Amino acid sequence: QVQLVEFGGGLVQAGGSLRLSCRASGRSFSTYVMGWFRQSPVKEREFVATISGGDGNVSFQDYVDSVKGRFTISRDNAKNMVYLQMNSLKPEDTAVYYCAADLDRSRPSGSTYITTKRERDYDYWGQGTQVTVSS
């Protein structure tokens, strides 16, 4: 019952920046744990970033080691949007990027639903947006 649509991909030179966006349907978006994954012809789908859900004051984010310090995940619950700001892009970042949502509230922690890196935890997926980083 949840639809996710990614946009904002494109071509960028190595060292450049790009911001991906994902718009989600659903009236309980603020409770969803959200994630970004990517897939290329040379790799299986790979976790990139995740952000906690819930209406509490505490927010958590986590990243794959290869993007930590370069990428930032954020969300705007009023707009049902999640973002991935990508800086210092490298050719190996080239992939189709997918937005994903975990709706089942199975990992509560205080007022939040905690992040997950595990693909199997996510229930709904977008169609992807292409990011190409040239050398």
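Which side chains are joined by a polar contact of 2.6 Å? In this predicted model, the side chains of Asp102 and Arg107 form that contact.

Asp102 is located in strand 9, which spans residues 95–102. Because its relative accessibility is 3%, Asp102 counts as buried. Apart from neighbours within four places in sequence, the residues in contact with Asp102 are Tyr32, Val33, Arg107, Thr116, Asp121, Tyr122 and Asp123. Arg107 thus appears both in this contact list and in the polar pair with Asp102.

A second buried position is Ser21, which counts as such because its relative accessibility is 6%, under the 20% cut-off. Ser21 belongs to strand 3, residues 18–24. Its contacts, again leaving aside neighbours within four places in sequence, are Val5, Glu6, Phe7, Trp36, Met81, Val82 and Tyr83.

The two buried residues are set side by side below.

| Residue | Strand | Relative accessibility |
|---|---|---|
| Ser21 | strand 3 (residues 18–24) | 6% |
| Asp102 | strand 9 (residues 95–102) | 3% |

Strand 3 is part of an open sheet of 4 strands, arranged in the order 1-3-8-7 with antiparallel pairing. Strand 1 (4–7) and strand 7 (71–76) are the edge strands, each pairing on one side only. On average, neighbouring strands of this sheet are turned by 15 degrees against each other, direction ignored. Strands of a sheet pair through backbone hydrogen bonds, in either a parallel or an antiparallel manner. Between strand 7 and strand 8 (residues 81–86), which run antiparallel, there are 6 bridges. Ser74 has Tyr83 of strand 8 as its bridge partner, and Tyr83 is also one of the residues in contact with Ser21.

Notes
Residues numbered from 1 in each chain as written. Predicted model: local features only at pLDDT ≥ 70, side-chain atom pairs only at ≥ 80, totals over all residues. Heavy atoms only, no water. Helix = DSSP H or I, 4+ residues; strand = E, 2+ residues; numbered from the N terminus. Buried < 20%, exposed > 50% of the residue type's maximum accessible area, 1.4 Å probe, protein only. Contact = heavy atoms within 4.5 Å. Pairing = 2+ DSSP bridges. Axes fitted to C-alpha atoms, helices over the stretch in contact; angles between N-to-C directions. Polar contact = N/O pair within 3.5 Å; in protein donor to acceptor, adjacent residues only side chain to side chain.
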